[in-house]
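Open the model in your viewer and keep the selection panel at hand. This tour goes stop by stop.

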Amino acid sequence: MAATDPTEAGDDASSDEDGGGEAPPSREAIVERLRRVDDPELDRSIVDLEYVDRIDVDGDRVTVAFVLPTAWCSPAFAWMMATGIRDEVGTLPGVADVTVDLRDHMHAEEITSGVNERRPFQAAFPDAEDGVDAVRHKLDEKARLARQHAAVEALLDAGLAPEQIVALDRAQVDLDADGDRAVVSLRDGSVLVPVDADPLARYLEKARAVGLAGDDHLFADPAGDPISPGAFETVQARARAARVNVDGQGSVCAALHESRNGTAVDD
Amino acid sequence: MYTHNGEDVFVIDGHVHLWDASEANIAHEGGEQFIQCFYDYHTAFTPEEEQWDMETYRKYGKEKMVDDLFRNGHVDMGIFQPTYLSDFYEEGFNTTEQNAELAEEYPERFVLNGSFDPRDGEEGLAYLEELDEKYDLQGVKLYTAEWRGDSKGWRLDSEEAFEFLQKCVDLGIENVHPHKGPTIRPLNKDAFDVADVDDAATSFPELNFVVEHVGLPRLDDFCWIAAQEPNVYGGLAVAAPMAQNRPRKFGEIMGELLYWLGEDRILFGSDYALWEPDWLVPTVMEAELTPDQRDEYGVELTTEVKKKFMGENAAELYDIDIEAKKAQFEDDAISREFDLGSQYVDSAAD
């Protein structure tokens, strides 16, 4: 489940074992499900990134072929995406079996067979120093910090002061208040501030993935610790750098993908 | 010499190679994949009309390189950064010795850097001494992700690496250029780690660490380390060509670098032949920050700033006297060959 959206973990677990005689899934349903699989380094869905090359449906058996921006993309990242595809599509109603096919990659064979045979990453890559989960965690921490930048900017835009922002906890944020607006409650609920919900929701999703539930403090410095008011500006600058890094790398990959695979991606 | 709004810009291309990826030189499939990957980077960030064909790209040779840098490329001086890849290529991909063939022909135009690999132990230390004796090194390029037998790389903060860094101090080799760039190496080793530069830079304050490719995709870690360590610099190779087809992203990256490192610790490099200075130098010189980027970062990308990273900062690290060089280039072999002398004469008269 490494590369899947953690908020969806456990969903549809009952349909994991077989197709259960249900109708085969539509291509659209498969694409929708694949949106949950992300490129862990770029923090974006493999569907938006146009990595999905081909989807074949044969009754309750689905094959998903995907291609990455270069043949040298990190095997650990490729592995996360491959297992994500396998596990996400595998839990769709009507799917009994998923075959993943990584194309044009220097480790295509190891990754494709390893993931389809459900072998652990370390069995396919005995040389790898870190387990794939440790790599995933590091990338998630980076993505969390990058997303924090946008969430904090949204709160600043809404008029909150830095010392109010660093003191926020999860209970003060109501994401589902009103469509695309979240509400942040201040001063024991006597002041309710509407805020753009999307950056907050995206932040919270990634914060949960790295175990920052926000019970005590919603936001954290790069080490995961609470932010003191005096450190607010530095932490926000570091979060901005993390965002620029993720976006910058996204541009590099998008340009490579466009050049190698003729796929234009909006970056 | 490049001219920007009537002003002379002395260009020291801080990152150039003379490589050989011809089929005859490839010893391991990794060698073929490596050059294919480079070619992907080349085509991804080169204007279509400037792209090379693969055969030229594999091995372009000395003559073309001189043409591309000096006749057409606005470059005044280049710094060779070797990349050995000895397991992948029979004679190496881009070794000090290969680079020396050209550097020794035009010593006034090139800085020739060496390299070391701490996994070579005593033999490696002797080789570094030998290189220094032969070429009087002022810098080394380090490729921590290089494969060597069963090893898939090494760290700059290891005991063995420290022995080599101490050797650099002893030999007076002051500039260390670790490659910390996009993932072209397999597996996850060091996939997003620039932390080893931090320890090395703290332990060797007498050395300068120019992190090539500004740590992309670890720009944020790199910036944070560089903000603490005054002897850490950023090499713009890979970031620079984004000015061509991702100008907004280039502006953001420059904003980060200027915010965290300041204008004195950034060095331009074309990464030739990954990209060519003839279009890259003008593209970077024309690049601007958007008003919101200027506002966000509180920095400006002025001509003065650009002149610094285009040449003055490298000159500082490599003890290059730009005015003396201009006088020399009024009549050196390259200027005579390409009839470039007058631009330096005019400049001296300024």
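Select β6 of chain A and strand β7, residues 181-186 of chain A. They pair in the antiparallel sense over 3 bridges. This is a predicted model. Show A:V173 as sticks; A:V184 in β7(A) stands opposite A:V173. Now look at the link between β6(A) and β7(A). The two strands form a hairpin with 2 residues between them. In the turn, A:G179 has a positive phi of about 60 degrees.

Widen the selection to the sheet. It is open, has 3 strands and runs in the order β6-β7-β8 of chain A, with antiparallel pairing. Which strands are at the edges? They are β6 (173-178) and β8 (191-196) of chain A, each pairing on one side only. Turn the view to see the twist: neighbouring strands of this sheet are turned by 40 degrees against each other on average, direction ignored.

Add helix α7 of chain A, residues 197-209. The helix packs on the sheet and touches β6, β7 and β8 of chain A. Its direction makes about 85 degrees with that of β8(A).

Next, move to chain B. Select β7(B), residues 175-178, and show its side chains. B:N175 and B:H177 point one way, while B:V176 and B:P178 point the other way. Are these residues buried or exposed? All are buried.

Add strand β6 of chain B, residues 139-142. It runs parallel to β7(B), and 4 bridges join the two. Pick B:K141 there; its bridge partner in β7(B) is B:H177. Trace the chain from β6(B) to β7(B). The path goes through helix α6 of chain B, residues 159-171, and this β-α-β crossover is right-handed.

Now add strand β8 of chain B, residues 208-212. This strand is also parallel to β7(B), joined by 2 bridges. B:N175 has B:N208 in β8(B) as its bridge partner.

Switch to the aromatic rings. A search of the whole structure finds 30 aromatic pairs over all chains. Start with B:W52 and B:Y57. Their ring centres are 6.1 Å apart and their planes are at 80 degrees, so the pair is edge-to-face. Both B:W52 and B:Y57 are buried.

Go on to B:F329 and B:Y344. Why does this pair count as edge-to-face? The planes stand at 70 degrees, with the ring centres 5.5 Å apart, and planes over 60 degrees apart count as edge-to-face. The pair links distant parts of the chain, 15 residues apart. B:F329 is in helix α14 (residues 322-329) of chain B, and B:Y344 is in helix α16 (residues 341-349) of chain B. B:F329 has a relative accessible area of 0%, so it is buried. B:Y344 also counts as buried, at 0% relative accessibility.

Stay on B:F329 and add B:R109. The charged end of B:R109 sits over the ring of B:F329, 3.7 Å from its centre.

For a wider view, select the cluster linked by ring pairs. Its members include B:W19, B:F34, B:F38, B:Y39, B:W52, B:Y57 and B:Y60. B:Y89, B:F93, B:Y143 and B:Y272 belong to the cluster too.

Last stop: show A:R238 and B:W224 together. A:R238 lies over the face of B:W224, at 3.7 Å from the ring centre.

Methods: Residues numbered from 1 in each chain as written. Chains lettered and ligands numbered in written order. Heavy atoms only, no water. Pairing = 2+ DSSP bridges. Axes fitted to C-alpha atoms, helices over the stretch in contact; angles between N-to-C directions. Contact = heavy atoms within 4.5 Å. Buried < 20%, exposed > 50% of the residue type's maximum accessible area, 1.4 Å probe, protein only. Right-handed = clockwise from strand over helix to strand, strands pointing away. Phe/Tyr/Trp six-rings, centres within 6.5 Å; stacked < 30°, edge-to-face > 60°. Lys NZ or Arg CZ within 6 Å of the ring centre and 35° of its normal.
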